[in-house]
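Good morning, and thank you for making time for this presentation. Please look at the sequence and the structure before I begin.

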Amino acid sequence: MSDFKNIVEFFRLNRRSDEAEAKQIPENNILLRDIQNNTDYNVDIKIFETDHTKYKRIFQVLEDYDAKFIYVHETLSEVEYFVKTSLGKYRNIINNNLEIFSSDELIEIPIDNPSSYIYNSELKRVFVAFESINGVIIFPDTINYDPKSKYLNEITNSTYTYDYKDPLTTYGKIMEFILAHFKNFIRNAVKKVIVAKSEIPAIINLIPFLQFEYGFGNYILKYKYYDINHKQKFFVPDGESAITLKFLSPGGMLSFLNETLFSQGFSIEQDAYKSPVRNFFRNQFIEQIIYKTEEDFLSRGKEVYYSVMETLFFLPEEITAKFSDRFFWLLLELMVNRDNFQNTKDLAEENIFVKIIRIILQKENQEAKLMSWFLETIKEGDKTITKFEFIYDRINGDNFIEFVKLVNKAWKKSRFIYPDIETNTEFTTTDGLLFLPYSSQKAFGFYFSNISMSFETDNQKGRLLKTLYGTGKYTEELKPDLKTDKLVKTKVEIIEQYWYHPFYPVYLEDIEKQETELKLDSVVPAFMLKANRDKQFWSNVITTAEYAADILITVSGVGNIAKFRYLAKFAAKASSLRFVTKAGRAVATARKTVAATAGVVEITSGVVNTLLKLTGAKDANWGKSLSEYLFWLELLSLSGELTVAINNGLRKSAKEIVGTSESKNQFEKQLDNLIEEGQVTRKEVDDLLEHLDELAEVERKLGDFVIHGQDDISEAFIKNIVKQVRESTGLKNFDINLVDRNNEKYQKLFEQWQKGGGYGFFKPTSGEFGLKLYKGLSGEGPQIYMFAGRVIDGLGRIRNVSFTKYTAQHELFHVEMFMYLKNKTPNYMKYWKEIPTYMHEQYVLNRLLKTKNWKKEDLVSDLENINKIRKTEAGLPKIELDDLKNWKFEIELEKIGIKIQ
């Protein structure tokens, strides 16, 4: 290890933890370190925690005297440990004796964490016990500085070479070596580090003090002696520093900090522990590196371009993100104006550019701005091109791959995923296919695809991607014979030409079967096809020194559109996904009313599974709309966010499928066939129809929820009510479950109910019941559950509960309220959960008062329950039956901030 590498290793924050780990400390051991000589040994943690005679805790005496140091008095025969009293005397930590010493008789050792210190009564030494987190020994930010130790013994006050990574590419280094040997001398000169070393042993901080001499170009790190009071100064004299490192370039200092701090898990963010030394360094770094660099650039621009770029090259991304948005956008503009994106011999600008794009996309809501910036035009010779094309043509290698992936990521969250020309007028001149039969294969080490693209200008259409598509169909043309030069009939593939905007969305069928150089999603912006083709070109060039022309291969045509890769994976899972627009997420976070524009789409695996099984019916009237609907779902699953464009696309396609009686009838017949074939269940079909109806905002029937017959509760009576609700609402999965000791399906539910349940409840959706009493139990919805049997109330009293018409009617009015919300808004489930419990019950009692002369004791019982809920859950006063007769649901909703049109 070179001399300066020893300094790097000594100050590396996690070195001691790594060394402890390398010793393979047993899992159930704890590490003890002698406070004087830093020797370590391991102790079984159970013995350490139970044998307090051998491992005596001394934290109490340290805390009683508010000790900042342990004072060691060492003779030939023994070692004693003391704390200093307020009167200047010294109290023996072990036997409690008071003694007087002169300062030169004692060794002063600073205390880091009093609770970590123990006295080993057998060894008669004081040790520090180090905690272990997930098997990693955690050391403090202080270290015992011994100038004659392993890493520092050969270090002197001298100048050293620090061979850190240059901001150059391999190409740059080669060119320097070939063309300009003297540049190596100049560059090596700035790699010099002047080291000043103290010979005084003590405890020092591993977190340095920053000091800059801008006029001389010196960047200084000072490692101070430990100060128990953590007093921070704005200048540290050389005498207070154990080691001072003076770098001749910012790159040297930043590289050193990367190796010793930032790569070791040190964060520039203020931490919860509020370490004064760490936070002082953080403030210094942000002010003297981040703010100073940004200020210089904003005021001087081109003059400091190189130094700014060099700083960005060395800064970790977490820290680079601290620069302002304005800084990044101005720097991108300057990089375009300089037209020097390629990694030249002087600076790896490509790397830095990609790093900036990556950081911009880590910030909130920057995707749309970045995509718009890419479409701004500039002049290149006599052509007018977009910045995107300008940059695309200049970035190479791994940076090119990273660049197109980042732009593709931003595209997924932009408006450009929507092919509608009203939303994106930029797509007006695009005439390419939305569903493209793309084919890409690899044979004998070569890639072959049926698409080639190039940026070109059309007089009418403008600057677009000219696309040549091999159809896989052939015709005969007269071509010169290679031997006779006579015209002979020759089989020629039919090539179709399209023009694509680079950001136009393209759906690639059977993409999982294609062999591509770049990983392509099912839905991609058009430029990704060019990027893949360009990458394949260079892959072919690498395979052979000669360029192998692409061989267009036969494709089968559009075919079955069921190859939705991400949706197919999701369909195999018994789960659901909930996608929310940004507006919806912001509103939900603020706990405000969800506006009508804040969309929510919830997709179950059953819905997706059913849709995929229908995709073979593309020739039906609704087939094209179904394909488009799946296109939007696939895009939604890729991006993970319900944008306005995707939301509109889903609604438009859903309306075309179920928006008219004719199309919905055809669609339902196909679904019925799937049920008969056993491919899907009735519940899956009902869920799908409900899902599409909600998106298409199809007008639904409120339903008939009033019990008309006078019969007693019976199986036939219940069946009639269920039929009545199903036919009047379209809730084909609706049912009423009579839960008693004879109901085998819900036996566990019944057993739990006996511990204190009510008369019944309405469950709007399938899944867990959501009630504390029934935790872990699940049922189906929308369905009613009514109970009968013996139940123990909260006071331990036994009461008998039976099925009654009043209970049935009560729960049916809960269903009515559910349908009211369901008819009014696609956000009905959100509102259902947000509406307070007492308001649910007030709706029901209001309807009971208006429908029939029910027994007053039943009505009063419900009223008492409502008032109890009003008091305990909302702190509201009592309400009377007369108040509820004129109660208006819509008005009460507005009072709690829910306004339904």
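I shall speak about aromatic pairs, charges over rings, one helix and the salt bridges.

Please keep in mind throughout that this is a predicted model.

I begin with the aromatic rings. A search of the whole structure finds 65 aromatic pairs, and I have chosen two of them for discussion. One is formed by Tyr41 and Phe127, an edge-to-face pair with 5.3 Å from centre to centre and 75° between the planes. This pair links distant parts of the chain, since Tyr41 belongs to strand 2, residues 40-44, and Phe127 to strand 10, residues 125-130, 86 residues apart. Is each partner buried or partly exposed? Tyr41 has a relative accessibility of 24% and therefore counts as partly exposed. Phe127, at 4%, counts as buried.

The second pair is that of Tyr164 and Phe314. Why is this pair called edge-to-face? The ring centres of Tyr164 and Phe314 lie 5.8 Å apart and the planes meet at 75°, and planes over 60 degrees apart count as edge-to-face. Here too the pair links distant parts of the chain: Tyr164 is in the loop between strand 14 (158-161) and helix 5 (170-179), Phe314 is in helix 9 (residues 305-314), and 150 residues separate them. Tyr164 is buried, with 6% relative accessibility, and Phe314 is buried as well, at 5%.

Tyr164 also takes part in a contact with a charge. The charged end of Lys191 sits over the ring of Tyr164, 5.1 Å from the ring centre. A further example involves Arg57, whose charged end sits over the ring of Phe48 at 4.2 Å from the centre.

I turn now to helix 11. The helix comprises residues 325-338, 14 residues in total, and spans 20 Å from its first C-alpha to its last, close to the 20 Å expected at 1.5 Å a residue. Which residues of helix 11 are buried? Among them are Phe327, Phe328, Trp329, Leu331 and Leu332; Leu334, Met335 and Val336 are buried too. After the helix comes Asp339, which has a positive phi, near 50°.

Asp339 leads us to the salt bridges, of which the structure holds 33. Asp339, Glu380, Lys383 and Arg394 are linked in a network of salt bridges. Within this network, Arg394 and Glu380 form a salt bridge whose closest N and O atoms are 2.6 Å apart. Arg394 lies in the loop between helix 14 (387-392) and helix 15 (397-411), and Glu380 in strand 20 (residues 377-380), so their salt bridge ties together parts that are 14 residues apart in sequence. Arg394 is buried, with a relative accessible area of 10%, whereas Glu380 counts as partly exposed at 21%.

Two further salt bridges deserve mention. The side chains of Lys461 and Asp431 meet at 3.4 Å, N to O. Because Lys461 is in the loop between strand 25 (451-458) and strand 26 (462-480), and Asp431 in the loop between helix 15 and strand 22 (435-436), the pair ties together parts 30 residues apart in sequence. Lys461 is partly exposed at 26% relative accessibility, and Asp431 is partly exposed at 35%.

Finally, Lys466 and Glu456 form a salt bridge of 3.9 Å, N to O. Lys466 is in strand 26 and Glu456 in strand 25, 10 residues apart. Lys466 counts as partly exposed at 23% relative accessibility, and Glu456 counts as partly exposed at 29%.

Thank you for your attention.

Conventions:
Residues are numbered from 1 along each chain as its sequence is written. This is a predicted model: local features need pLDDT of at least 70, side-chain atom pairs count only at pLDDT 80 or more; totals for chains, interfaces and linings use all residues. Side-chain values use heavy atoms; hydrogens and water are left out. Rings of Phe, Tyr and Trp (its six-membered ring) pair if their centres lie within 6.5 Å; planes under 30 degrees apart count as stacked, over 60 as edge-to-face and the rest as tilted. Helices (H or I, at least four residues) and strands (E, at least two) are DSSP runs, numbered from the N terminus. Buried means under 20% relative accessible area, exposed over 50%, partly exposed in between (1.4 Å probe, protein chains only). A charge sits over a ring if NZ of Lys or CZ of Arg is within 6 Å of the ring centre and within 35 degrees of the ring normal. The expected span of a helix is 1.5 Å times one less than its number of residues. A salt bridge is a side-chain nitrogen of Lys or Arg within 4 Å of a carboxyl oxygen of Asp or Glu.
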